[in-house]
Amino acid sequence: QVMGGKELVRKLVIRRLLTRPGEFFHLPNYGFDFGIKDVVPSTELLRVRKSILEGVLEEPEVSDAGVALKLDGANGILTVQIRAVLQPAGETLEINTELPIGAVGF
């Protein structure tokens, strides 16, 4: 079965979220500069959100996107909610995923 459309974009976005820059030598800027179990200071949430949004918008099929974050510091979970508009048909893709993070600084 060939994966395409929304499911392919979902897979690519999640892969980008879980990849750090430099992990693919031929794509040095691919990925997200935040890793699983990293400490996320609450003061950095706007930067993290912006970085995720920029990464999602780099996917060729995505024409527009929005990102919301919810930090559950007590349990070490960063919930990432992504809503992307895909071209050419204007379909909407919603991705909700939880990323385990380290201790939360304030």
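Q: In which sense do β2 and strand β3 pair, and over how many bridges?
A: This is a predicted model. Strand β3 covers residues 92-100. It pairs with β2 in the antiparallel sense, and the count of bridges is 9.

Q: Which strand is joined to strand β2 by 10 bridges?
A: Strand β2 spans residues 77-86. Its partner here runs antiparallel to it and spans residues 62-72. That partner is strand β1.

Q: Which residue in β2 stands opposite Leu 71?
A: Strand β1 takes in residues 62-72, and Leu 71 falls within that range. Across from Leu 71, in β2, stands Leu 78.

Q: Which residue takes a positive phi in the hairpin of β1 and β2?
A: This hairpin has 4 residues between the strands. The phi in question is near 65°. The residue that takes it is Gly 76.

Q: What is the phi of Gly 90 in the turn between β2 and β3?
A: β2 and β3 form a hairpin with 5 residues between them. Gly 90 sits in that turn, and its phi is positive. The value is about 80°.

Q: Which residue in β3 stands opposite Thr 79?
A: β2 and β3 pair in the antiparallel sense. Thr 79 is matched across the pairing by a residue in β3. That residue is Glu 98.

Q: Which residues of β3 make up its covered face?
A: In a regular strand the side chains alternate between the two faces of the sheet. In β3, the uncovered face holds Thr 92, Glu 94, Asn 96, Glu 98 and Pro 100. The covered face holds Leu 93, Ile 95, Thr 97 and Leu 99.

Q: Which residue in β3 is the bridge partner of Ala 84?
A: Strand β2 runs over residues 77-86, a range that includes Ala 84. The partner belongs to the covered face of β3. It is Leu 93.

Q: Is Arg 16 buried or exposed?
A: Arg 16 lies in helix α1, residues 5-18. Its relative accessibility is 9%. The cut-off for buried is under 20%. Therefore Arg 16 counts as buried.

Q: Which residues is Arg 16 in contact with, leaving aside its neighbours within four places in sequence?
A: Arg 16 belongs to helix α1. Its contacts include two glutamates, Glu 58 and Glu 59. The full set is Tyr 30, Gly 31, Phe 32, Gly 55, Val 56, Glu 58 and Glu 59.

Q: How many residues apart are Glu 58 and Arg 16, whose side chains meet in a salt bridge?
A: Side chains of opposite charge can pair when their charged atoms come close. For Glu 58 and Arg 16, the distance is 3.2 Å, N to O. Glu 58 is in the loop between α2 and β1, while Arg 16 is in helix α1, so the pair links distant parts of the chain, 42 residues apart.

Q: Which residues are joined into one network with Arg 16 by salt bridges that share partners?
A: Glu 59 and Arg 16 meet in a salt bridge at 3.0 Å, N to O. Glu 59 lies in the loop between α2 and β1, so this pair ties together parts that are 43 residues apart in sequence. Both of these residues are buried. The network joins Arg 16 with Glu 58 and Glu 59.

Q: Why are Glu 7 and Arg 10 separated by about one helical turn?
A: Their side chains meet in a salt bridge at 3.4 Å, N to O. Glu 7 is partly exposed at 44%, and Arg 10 is partly exposed at 24%. The separation is about one helical turn because the two lie in helix α1 at a spacing of 3 residues.

Q: Which helix supplies the largest share of the lining of the largest cavity?
A: The structure holds 1 cavity of 30 Å³ or more, and the largest has a volume of about 50 Å³. Both α1 and α2 (45-57) supply at least two residues of its lining. The largest share is 4 residues, and it comes from α2.

Q: How do the lining residues of the largest cavity divide into nonpolar, polar and charged?
A: The lining includes Val 13, Leu 17, Phe 32, Ile 52 and Val 56. Arg 16, Gly 31, Ser 51 and Gly 55 are also among the lining residues. The division is 5 nonpolar, 3 polar and 1 charged.

Q: Is Leu 46 buried or exposed?
A: Leu 46 lies in helix α2. Its relative accessible area is 67%, and the cut-off is over 50%. Leu 46 is therefore exposed.

Notes
Residues numbered from 1 in each chain as written. Predicted model: local features only at pLDDT ≥ 70, side-chain atom pairs only at ≥ 80, totals over all residues. Heavy atoms only, no water. Pairing = 2+ DSSP bridges. Buried < 20%, exposed > 50% of the residue type's maximum accessible area, 1.4 Å probe, protein only. Contact = heavy atoms within 4.5 Å. 1 Å grid on protein atoms, 1.4 Å probe; cavity = no way out; pocket = protein on both sides within 12 Å on 5 of 7 lines; lining within 4 Å. Points joined across faces, edges and corners; volume = space filled by probe spheres on them. Nonpolar A, V, L, I, M, F, W, Y, C, P; charged D, E, K, R; others polar. Salt bridge = Lys/Arg side-chain N within 4 Å of Asp/Glu carboxyl O.
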